[in-house]
Amino acid sequence: MFERIRELVAEKVGVEPEDISMETSFTDDLEADSITLFELVMAIEDEFDIEVDDESIEKIETVGDIVRYLEDIII
Amino acid sequence: MKIAIDAMGGDNAPEAVIIGSIQARDEYNLSLVLCGKEIEIKRILEKNTSNFNNIEIINAEDIISNDDKPVLAIRRKKESSMVKALYAVKEGNADAIVSAGSTGALLSGGTLLIGRIKGIERPAIGSLIPNMSGGFCLLIDSGANVDSKPEFLYDFAIMGDIYLKRVMNIKSPRIALANIGVEKSKGNKLTVETYNMLVNSQLKLNFIGNIEARDILKGEADIVICDGFTGNMILKTMEGTVLEIMKGLKEEIMSSMKTKLGGILIKPALKNFKRKFDYSEHGGAPLLGVKAPVIKAHGSSDAKAIKNAIRQAKICGESNVNELIEESIMRR
C-alpha cells in the first residue's frame, strides 16, 4: 500500500519517491496546498475506486495518515 | 467551438449572463452549454430571443456562493451550475468555460476537474488592468497562489507571454517583475531569484526588469508577474483607488453651483477617462495553466462583459494557447 501511495504522491507533488516516508508531512515537507492535497485524494479515489469523505481529508497531515486510512477501509 | 457557461454565477446572474451568451452566440458563431436552473434559463431565453439554435441547457439546481469554501464546494456541490459546467469541459461536451462566480471555486475546479497542463505546478490567474496609454497590462498571478516559488513565477511569465501573443496579438510582450525598486538586487529572495531566472532564460522572453507598482498604470509593461498575494494587493488597491477618486471628484463637482457648471464642461473628458478603465471591454481573467480555456468574468459583469469573456474563451481555444504553453514549459 505504501509503495502505491508513494508513487501517487511523488507524481502529484513533483518529488522523487525516495524522498517520501510515512512521516512525510504534506504542508511542512512537501509544501502542498489544499488543491494539491485534493488532487491527490481524487487520484487515490480513481486508483482504488473508492470515495474518501471530506472529514477524513481534513484530518490528513502525513503520507502515513493516507496509508492507514486506506488500510482501514480497504482491508 | 462549444463553450460551457456558468449561468448562475455572478451578481447579475442569470439574466445578464444569459443575455451576454445570446449576444456572443450570434456575434461569434458559437455553440453554448448553459448550466443552471433550467426553468429560469428557459424563461430568460424566451424573453430575449426566438432563436434557440446552438444552445444546450444542463439543469443545475445548486449554486456555489462566495461564502462556500472553494475546494470543498467543488467536491460537495456536484449539482451546482459551476461544477456542471466544469464537468461539461472535463467530459468533452464543451471546449472552454466562462464563469462570473466564485474565483476560488473556479480556480479549484479548473485545477481539480479540468487538470493542470503537464509541467505546470501552479495555474495562475491573469487579470487585465487597463492603463493610461489606452492599453492594458496582464497582472499574473492576481490571486491564485498566495505563496510562490521563483519557478512558479517563471512559468507565469511564459504563460502570460503566450497568452498575450496569441489572444491579444501583442508581438513581443514586455514582461516586468513587480518589485519595490527597479535595481536587480532589490526585493526579497523570491524576486531576486526570479529576476535571475528570467534574465538567464533560454526562451525568447522580452524581460524588461523590475517594475514598481506605481508605474504599472503608466503602461510601461504588458505583463507584470508576481506572487498571488502581491498581485491581489496591487489589483485591489488600483480598483479601490480609481473608484474612490472618481467618487471624490463627483462629490467635489456637485458641491456648489460654480463647480457644477465646471462639471458640465469637463463631463465628456471624465466619461472618456472612465471608459479607459471599463473592465467590461477587456473580457475576463484567464486561469492559465489548465488544460482547457477557463475564463473568470468579473463578479459584477453585465451582458457586455459576459459577451467579451466568451469571445476571449473562443480566441483562447482557437489559438491553441494551452498546447503552446505545454510546448514552452517542456523547453524551459
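The largest nonpolar core of this predicted model has 116 residues, and B:Ile5, B:Val224 and B:Ile225 have the most contacts inside it. Helix α6 of chain B (residues 150-167) provides the largest share of this core, 11 residues. Residues from both domain 1 (1-120 + 289-299) and domain 2 (122-285) of chain B go into the core, so it lies between them. B:Ile5 makes a good place to begin looking around. Leaving aside its neighbours within four places in sequence, B:Ile5 is in contact with residues that include B:Val17, B:Leu32, B:Val33 and B:Leu34, and B:Ser21, B:Cys35, B:Ala85 and B:Val98 are also in contact with B:Ile5.

The two domains of chain B can be viewed next. Their C-alpha centres lie 27 Å apart, and 13 residues of domain 1 are in contact with 12 residues of domain 2. On the side of domain 1 that touches domain 2, α5 (103-114) and β11 (294-296) of chain B each supply at least two residues. Of these, α5(B) gives the most, with four residues. By class, this side of domain 1 has six nonpolar, five polar and two charged residues.

The meeting of the two chains comes last. Here, seven residues of chain A are in contact with eight residues of chain B. Helix α2 of chain A (residues 34-48) contributes five residues, the largest share of the side of chain A that touches chain B. That side has three nonpolar, two polar and two charged residues. As for confidence, chain A has a mean pLDDT of 89, with 99% of its residues at 70 or more. Among the elements of chain A, the lowest mean pLDDT (85) belongs to helix α3 (residues 54-59) and the highest (90) to helix α4 (residues 63-74).

Technical notes: Residues are numbered from 1 along each chain as its sequence is written. Chains are lettered from A and ligands numbered from 1 in the order in which they are written. This is a predicted model: local features need pLDDT of at least 70, side-chain atom pairs count only at pLDDT 80 or more; totals for chains, interfaces and linings use all residues. A nonpolar core is a set of buried Ala, Val, Leu, Ile, Met, Phe, Trp, Tyr and Cys residues joined through C-beta atoms within 7 Å. A residue is buried if 20 or more other C-beta atoms lie within 10 Å of its own, exposed if 12 or fewer, and partly exposed in between; C-beta atoms are placed from the backbone. Domain bounds come from an automatic or database domain assignment. Two residues are in contact if their C-beta atoms, placed from the backbone, lie within 7 Å. Ala, Val, Leu, Ile, Met, Phe, Trp, Tyr, Cys and Pro count as nonpolar, Asp, Glu, Lys and Arg as charged, and the others, Gly among them, as polar. pLDDT is the predictor's confidence in each residue, from 0 to 100.
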